[in-house]
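I set out to look up the largest pocket and the strands that take part in its surroundings. My entries follow the display.

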Amino acid sequence: MAEDGRGRGVRAETERGRERGGRTRTRRRRRRRRMRRIRIWAARILVLGGAALLLGLLAWGVRGLLGGENEEGQYTFGTRLAQDDPEIPAGEPLIVLDAGHGGEDQGTSSGDTLEKDLNLAVTRRLAQELTGRGAAVILTREDDVRVDLEERAAFANRYEADLFVSIHCNYCEDDDAVQGLEAYYREGSGGGQALAESIVQAADGEEKIVCRGTRTADFRVLRKTEMPAVLVELGYLSSREERNLLTQEDYQELLAGRLAEGIMEAVIPAGE
């Protein structure tokens with residue numbers, strides 16, 4: 001009898017030990033699960049935080065690239081700065097010239113001929129021609145930097161320019177025989193139309209320049225500017241003949257002279 005009692009006691013103690021061991025293993029499993037969940041959430045927080053930081057850095061970089069006001073209240077355009085109180089050049093009218101594209105935005109191209117380079121070359125010559133005729137001229141870009149479209153218009157508005165002229169080159173993928181200068185203005189802008197027509201008339205008077213007339217378009221630089229504005233397509237890079245002309249300095253001089261003549265002779269309707 002005594003031996004049977006001791007046997008039952010040993011078995012009971014063994015069973016209690018197993019139960020305690022089972023509860024301990026359960027608690028350990030629960031702790032491991034909690035630690036895994038904590039690590040997972042910590043990893044998620046780190047990933048989200050890193051993504052937010054990256055987006056913030058990207059946004060800051062884009063702001064610096066496209067433009068905005070810095071801590072000193074200056075308006076930035078790529079690497080250029082225009083002061084809050086700019087020194088307006090002497091002369092009349094005040095004209096903002098906009099060389100299209102720039103920087104990593106090369107515009108259209110044909111081989112090694114890049115639109116952005118031709119635009120800037122002709123714009124620089126045009127600025128000299130206009131200055132020589134008594135106009136005050138400001139450029140949205142003076143070197144190979146990218147300027148956002150809306151910043152170009154904001155630049156002209158900020159200076160309260162009298163006229164805005166954007167210089168570009170065209171391209172026709174369907175027909176390499178298409179060529180000619182075009183002047184675009186925003187529909188409903190009497191001043192823009194008058195300026196475009198005057199430019200085309202002056203260019204059409206030169207035998208070497210092919211003209212395709214004036215057209216309306218809703219280009220952003222035309223829509224956002226607050227003064228008579230035109231966008232001039234100098235010619236088509238898809239045309240071998242016109243592309244060769246556009247790369248020649250004497251032809252660029254000829255274009256600049258005719259454009260300047262048309263700009264200065266434009267009769268802008270009152271109130272525009």
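Before reading the strand pairs, I noted that two strands pair if DSSP finds at least two bridges between them. I also noted that the model is predicted.

Entry 1, strand pairing. I looked up strand E9, residues 181–185, and found that 3 bridges join E9 to E11. These two strands run antiparallel. I then looked up E8 and found 6 bridges joining E8 to E11, with the two strands running parallel.

Entry 2, one residue in E11. Which residue in E11 is the bridge partner of His168? I found that this partner is Glu233. I next looked up Glu182 and found that the bridge partner of Glu182 in E11 is Glu233.

Entry 3, burial. How many of the residues of E11 are buried? I recorded that E11 is mostly covered, with 8 of its 8 residues buried.

Entry 4, the largest pocket. I read its space as about 270 Å³. I counted 21 residues in its lining. Nearest its centre lie His101, Leu149, His168, Phe219 and Leu231.

Entry 5, where the lining comes from. I found that helix H3 (149–159), strand E8 (163–170), helix H5 (220–224) and strand E11 (229–236) each supply at least two residues of the lining. Which element gives the most? E8 does, with 4 residues.

Entry 6, classes in the lining. I sorted the lining of the largest pocket by class and obtained 7 nonpolar, 6 polar and 8 charged residues.

Closing note. I marked His168 for a second look: His168 is among the residues nearest the centre of the largest pocket, and Glu233 in E11 is its bridge partner.

How values were computed. Residues are numbered from 1 along each chain as its sequence is written. This is a predicted model: local features need pLDDT of at least 70, side-chain atom pairs count only at pLDDT 80 or more; totals for chains, interfaces and linings use all residues. Side-chain values use heavy atoms; hydrogens and water are left out. On a 1 Å grid over the protein atoms alone, a cavity is a set of points where a 1.4 Å probe fits but cannot get out, and a pocket is an open set with protein on both sides within 12 Å along at least five of seven lines; lining residues have an atom within 4 Å of a point. Grid points are joined across faces, edges and corners, and a volume is the space filled by probe spheres set on the points. Ala, Val, Leu, Ile, Met, Phe, Trp, Tyr, Cys and Pro count as nonpolar, Asp, Glu, Lys and Arg as charged, and the others, Gly among them, as polar. Buried means under 20% relative accessible area, exposed over 50%, partly exposed in between (1.4 Å probe, protein chains only).
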